[in-house]
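Here are a few short exercises to work through with the model open beside you. Try each one yourself before reading the solution.

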Amino acid sequence: MSEKNYNVERLAKIKETINKMDPVDIADKLEILPEKDVAIWIKLLNKDLLADTFTELRPENKARIVNILSESSIKDLVRDLDEDELVDTLQELPANITKKLMDFHIDKDRRKVVNELLGYPKESVGSIMTVNFLSVKENLTPKQALDKIMASQLDAEKLEQIWITNQSLVLLGFVYIADIIRYQDKSLNELLTSISATVSPYEDQEVVAKLSYKYDLGEVPVVDSENRLIGIVPAEDVIDVAHDEFQEDISNITGISDQSESYLNESSFKIAKARTTWLIICLLTATMTGFIIHRYENLLASAVVLTAYIPMLMDSGGNAGSQASTTVITSLYSGEIGIKDFFKVIIKEASIGIITGLILVIVNFLRLMIMDRAAIAVNLTVSLTLLLTIIFSKVMGGILPIIAEKCKIDPTVMAGPLITTIVDTLVLLIYFEVASLMLGL
């Protein structure tokens with residue numbers, strides 16, 4: 001594109017085309033276009049669309065855009081960004097650009113709000129909430145509320161729900177704008193939808209995703225210690241949080257650190273470094289399993305056949321534990337269970353372990369008898385160990401995420417290599433102790 005001449009007719013066609021595009025698609029194009037074409041697209045984009053597109057860009061490309069824009073264009077862009085979007089941008093840009101924006105392009109009236117939002121901890125609710133919302137007091141009539149809506153400068157998507165407070169600004173609930181329009185003869189209290197849950201600005205952003213999922217909230221209200229409405233987390237931000245938390249959970253489950261960039265753009269060294277951490281931990285903890293095997297080497301020497309079944313028992317235990325931990329973590333996330341259900345989870349997973357274990361024992365007993373023609377004593381030893389392994393692994397997989405939750409640790413850490421390592425170590429202990437008793441060694 002950059003090698004072609006830009007005549008007036010072609011520029012007009014490009015302008016018409018790109019101003020009908022979705023901001024996400026425009027951002028994708030700006031990521032790959034040469035700098036000359038990026039500058040032309042920026043000039044042709046409507047101001048509101050440019051602001052929406054800007055929020056979709058990666059940090060390095062935001063800095064690139066800021067460096068291309070003229071001073072007046074930067075000021076227009078900053079003005080069109082919501083406070084939460086502006087805060088996200090300031091946190092992502094290099095320090096010198098951030099200082100420039102704060103000193104010269106952010107109005108004094110907004111600077112106080114921006115500084116307040118910047119003061120919230122990273123990944124807290126306060127760091128992602130928006131203060132751009134419309135609230136009205138309960139004593140207004142629907143007609144008066146509608147007049148306030150008509151005078152608002154907020155975007156349409158921020159006016160779907162109108163928040164209702166009392167005279168002290170304490171949150172009561174919300175009213176749908178459609179109901180305000182349709183039921184002018186009713187009071188706001190009659191149209192009110194009460195709020196099932198609110199969130200503090202200092203809570204972890206993951207809470208927003210949990211509440212939205214549990215109560216089907218399109219927007220999650222943020223309140224202070226006196227339950228006064230101070231911000232909201234819109235649906236699009238809730239989705240972003242859910243996506244980010246999902247990525248983080250997958251990283252924990254697989255034993256790697258979360259990537260800050262996309263897979264192809266992240267350097268191989270950084271990815272290798274992230275993946276190596278847990279591999280080293282697993283390598284070091286394998287020392288314990290080696291120590292156990294060394295301790296029972298006389299037993300293995302007397303019954304070498306037992307060695308053949310170690311991988312099967314360790315794999316079965318690891319898989320059983322991961323199944324239980326994944327199920328419990330999902331229930332924790334949805335709010336179905338909590339710390340109070342600790343002993344209920346133990347009983348539940350133990351019963352599941354007994355049922356699952358007995359089924360596996362029957363299948364394994366027949367397999368060893370028919371395919372391996374194992375001695376009955378060895379068969380019973382392996383089968384009993386398998387039963388105990390499944391029960392133990394299920395219980396451990398169930399309670400470790402709850403313990404992590406209690407200790408303020410992400411429960412998904414317990415669903416990955418950690419639980420497999422713990423289970424592997426204890427499975428060997430169970431196996432060799434059972435073998436010592438059953439075989440008299």
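**Exercise 1.** Does Ser 383 count as buried or exposed, and at what relative accessibility?

Solution. This is a predicted model, so every value below is computed from it. Start by placing the residue: Ser 383 lies in helix 20. Next, take the cut-off, as buried means under 20% relative accessible area. Ser 383 has 5% relative accessibility, so the residue counts as buried. Finally, look at its surroundings: with residues up to four places away in sequence not counted, Ser 383 touches Val 361, Asn 364 and Phe 365.

**Exercise 2.** Work out how helix 19 and helix 20 are oriented relative to each other.

Solution. First find the two elements: helix 19 covers residues 342-372, and helix 20 covers residues 376-406. Their axes come within 8 Å and cross at roughly 155 degrees. Angles over 145 degrees count as roughly antiparallel, so helix 19 is roughly antiparallel to helix 20. As for handedness, helix 19 passes helix 20 in a right-handed crossing.

**Exercise 3.** Find which side chain of opposite charge is nearest to Glu 349, and decide what that says about a salt bridge.

Solution. Glu 349 is found in helix 19 and is buried. The nearest side chain of opposite charge belongs to Lys 394, 5.3 Å away. A salt bridge needs a nitrogen within 4 Å of a carboxyl oxygen, so Glu 349 has none. Lys 394 is nevertheless among the contacts of Glu 349. Leaving aside neighbours within four places in sequence, the others are Ala 324, Val 328, Val 395 and Gly 398.

**Exercise 4.** Describe how helix 3 and helix 5 are arranged, and name residues where they meet.

Solution. Take helix 3 (residues 35-44) and helix 5 (residues 59-68): their axes come within 10 Å and cross at roughly 70 degrees. Angles of 65 to 115 degrees count as roughly perpendicular, and therefore helix 3 and helix 5 are roughly perpendicular to each other. On the helix 3 side, the meeting residues are Glu 35, Val 38, Ala 39 and Ile 42. On the helix 5 side, they are Arg 64, Ile 65 and Ile 68.

**Exercise 5.** Look up phi for Leu 169 and Asn 227, and say where each residue sits.

Solution. Recall that most residues other than glycine have a negative phi. Leu 169 has a positive phi, near 70 degrees, and sits in the loop between strand 2 and strand 3. Its relative accessible area is 43%, so Leu 169 is partly exposed. Asn 227 has a positive phi of about 65 degrees and lies in the loop between strand 5 and strand 6. With a relative accessible area of 29%, Asn 227 is partly exposed.

Note on methods: Residues numbered from 1 in each chain as written. Predicted model: local features only at pLDDT ≥ 70, side-chain atom pairs only at ≥ 80, totals over all residues. Heavy atoms only, no water. Helix = DSSP H or I, 4+ residues; strand = E, 2+ residues; numbered from the N terminus. Buried < 20%, exposed > 50% of the residue type's maximum accessible area, 1.4 Å probe, protein only. Lys, Arg positive; Asp, Glu negative; His and termini not counted. Contact = heavy atoms within 4.5 Å. Axes fitted to C-alpha atoms, helices over the stretch in contact; angles between N-to-C directions. Parallel < 35°, antiparallel > 145°, perpendicular 65-115°, else oblique. Left-handed = near helix turned anticlockwise from the far one by under 90°.
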